[in-house]
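Reader: I should like to go through the assignments in this model one at a time. For each, please set the value beside the criterion and then conclude.

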Amino acid sequence: MLKPRILLADDHALIIEGFRRILEDQYDLVGTAADGRTLVEAAKTLQPDIIILDVSMPLLNGIDAAA
C-alpha cells in the first residue's frame, strides 16, 4: 500500500524537522516550504495528499495559501 504524500509548510526549520521525524515512518514527505508563496507553488507541482501548514508564515499567510 502506498503511503499518503505530505507537504509540510512552516517558516521555522525546527518545526519542519520535528514533523518530519514524527511522520516519516508512516507518510511520504514530498516537500517542504518556508513561506506561503512557495507552499502554493509546491502544492501545484507536487500534488500532495495532505498539506500540514503554519497559519503565520511570511509572504502569504497559511490561511490565504490554503484558499
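Author: A cavity is a set of grid points where a 1.4 Å probe fits but cannot get out. The model is predicted, and by this rule it has one cavity of 30 Å³ or more.

Reader: How much space lies in the largest cavity, and which residues line it?

Author: The largest cavity holds about 40 Å³. Its lining consists of Ile6, Leu8, Arg20, Leu23, Glu24, Tyr27 and Leu29. Strand S1 (5–9) and helix H1 (13–23) are the elements that give two or more residues to this lining.

Reader: What makes a residue count as one of the lining?

Author: A lining residue has an atom within 4 Å of a cavity point. Arg20 and Tyr27 are among the residues listed for the largest cavity.

Reader: How is the lining of the largest cavity divided by class?

Author: Five lining residues are nonpolar, none is polar and two are charged. Because Tyr counts as nonpolar, and Glu and Arg as charged, Tyr27 belongs with the nonpolar group, whereas Arg20 and Glu24 are the charged members.

Reader: Arg20 also takes part in a contact with Glu17. Why is that contact called a salt bridge?

Author: The closest N and O atoms of Glu17 and Arg20 are 3.3 Å apart. The cut-off is 4 Å between a side-chain nitrogen of Lys or Arg and a carboxyl oxygen of Asp or Glu, so the pair qualifies as a salt bridge. Both residues lie in helix H1, three residues apart, which is about one turn of the helix.

Reader: Which salt bridge links Glu17 with Arg21, and how are the two placed in helix H1?

Author: The side chains of Glu17 and Arg21 meet at 3.0 Å, N to O. These two residues are four apart in helix H1, again about one helical turn.

Reader: Are Glu17, Arg20 and Arg21 buried, partly exposed or exposed?

Author: Partly exposed covers the range between 20% and 50% relative accessible area, and exposed means over 50%. Glu17 has 31%, so it is partly exposed. Arg20, at 30%, is therefore also partly exposed. Arg21 reaches 59% and so counts as exposed.

Reader: How many salt bridges does the structure hold, and which one involves Glu41?

Author: The structure holds three salt bridges. Glu41 pairs with Lys44, with the closest N and O atoms 3.8 Å apart. Glu41 and Lys44 are three residues apart in helix H2, so about one helical turn separates them. Glu41 is partly exposed at 46%, while Lys44 is exposed at 53%. As for the bridges that share partners, they join Glu17, Arg20 and Arg21 into one network.

Reader: How do you know that Asp35 has no salt bridge?

Author: The nearest side chain of opposite charge, Arg37, is 6.5 Å from Asp35. Because a salt bridge requires a separation within 4 Å, Asp35 has none, although it is buried. Asp35 is found in the loop between strand S2 (28–33) and helix H2 (36–46). A polar atom of its side chain lies 3.1 Å from the backbone nitrogen of Arg37.

Reader: What makes that approach of Asp35 to Arg37 a polar contact?

Author: A polar contact is a pair of N or O atoms within 3.5 Å, so the 3.1 Å separation meets the distance limit.

Reader: Where is Asp10 found, and how far away is the nearest side chain of opposite charge?

Author: Asp10 is found in the loop between S1 and H1. Arg20 is the nearest side chain of opposite charge, 12 Å away, and buried Asp10 has no salt bridge. The side chain of Asp10 does reach the backbone nitrogen of His12, at 2.8 Å.

Reader: What is noted about phi in Gln47 and Leu59?

Author: Most residues other than glycine have a negative phi. Phi of Gln47 is near 50°, a positive value, and phi of Leu59 is near 70°, also positive. Gln47 is found in the loop between H2 and strand S3 (50–53), and Leu59 in the loop between S3 and helix H3 (62–66).

Reader: Why is Gln47 called exposed?

Author: Its relative accessible area is 56%, and exposed means over 50%, so Gln47 is exposed. Leu59, at 56%, counts as exposed on that criterion.

Conventions: Residues are numbered from 1 along each chain as its sequence is written. This is a predicted model: local features need pLDDT of at least 70, side-chain atom pairs count only at pLDDT 80 or more; totals for chains, interfaces and linings use all residues. Side-chain values use heavy atoms; hydrogens and water are left out. On a 1 Å grid over the protein atoms alone, a cavity is a set of points where a 1.4 Å probe fits but cannot get out, and a pocket is an open set with protein on both sides within 12 Å along at least five of seven lines; lining residues have an atom within 4 Å of a point. Grid points are joined across faces, edges and corners, and a volume is the space filled by probe spheres set on the points. Buried means under 20% relative accessible area, exposed over 50%, partly exposed in between (1.4 Å probe, protein chains only). Lys and Arg count as positive and Asp and Glu as negative; His and the chain ends are not counted. A polar contact is a pair of N or O atoms within 3.5 Å; within protein, one must be able to donate a hydrogen and the other to accept it, and residues adjacent in sequence count only if both atoms are side-chain atoms.
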